[in-house]
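This report describes the fold, dimensions and interior of one protein chain. The sequence and the model are shown first.

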Amino acid sequence: MHWLWVLIVGGVIGLIAGAVTRRGGSMGVISNIIAGLVGSALGEAILGSWGPQVAGMAVVPSIIGAVILVLIVSLIFGVRPER
């Protein structure tokens, strides 16, 4: 049951990161989950695990890490922000 929550929270974090960067329109569910999980690991590695935690992920550093990840990936693949 824990892994289900991890996937759901990872997807929500990826969705928030896509909305913040305005580059999430082309991202699917799987991409949102991957961006959320990898961004969470990146954010917690850089910023630590402070703030509220859901499913073992610190929310604020996870969102910041996912935003950084989405920006880097969109720069590499040349994805433009939606208008």
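## Order of elements

In this predicted model, the elements of the protein chain follow the order α-α-β-β-α from the N terminus on. The chain thus holds three helices and two strands.

## Dimensions and surface

The C-alpha trace of the protein chain extends over about 35 × 25 × 20 Å along its principal axes. For 83 residues, a compact globule would be expected to have a radius of gyration near 12 Å, and the protein chain agrees with this, at 12 Å.

The protein chain exposes about 5100 Å², of which carbon and sulfur atoms supply 73%. Of its 83 residues, 35% count as buried. Among contacts in the protein chain with a separation of 6 or more, 58% join residues that lie 24 or more positions apart.

## The nonpolar core

The largest nonpolar core consists of 12 residues: Val 6, Val 9, Ile 13, Ala 17, Met 27, Ala 35, Met 57, Ile 63, Ala 66, Val 67, Leu 69 and Val 70. At least two residues of this core come from each of α1 (2–21) and α3 (59–77). The largest share, five residues, is supplied by α3.

## Surroundings of Met 57

Met 57 is a member of this core. Apart from its neighbours within four places in sequence, Met 57 is in contact with Val 6, Val 9, Gly 10, Ile 13, Leu 37, Ser 40, Glu 44, Pro 52 and Ser 62. Among these partners, Val 6, Val 9 and Ile 13 also belong to the largest nonpolar core.

Notes:
Residues are numbered from 1 along each chain as its sequence is written. This is a predicted model: local features need pLDDT of at least 70, side-chain atom pairs count only at pLDDT 80 or more; totals for chains, interfaces and linings use all residues. Side-chain values use heavy atoms; hydrogens and water are left out. A nonpolar core is a set of buried Ala, Val, Leu, Ile, Met, Phe, Trp, Tyr and Cys residues joined through side-chain atoms within 4.5 Å. Buried means under 20% relative accessible area, exposed over 50%, partly exposed in between (1.4 Å probe, protein chains only). Helices (H or I, at least four residues) and strands (E, at least two) are DSSP runs, numbered from the N terminus. Contact means heavy atoms within 4.5 Å. The radius of gyration is taken over C-alpha atoms; the globule rule is 2.2 Å times the number of residues to the power 0.38. Accessible areas come from the Shrake-Rupley method with a 1.4 Å probe; for residues, only the protein chains shown count as cover.
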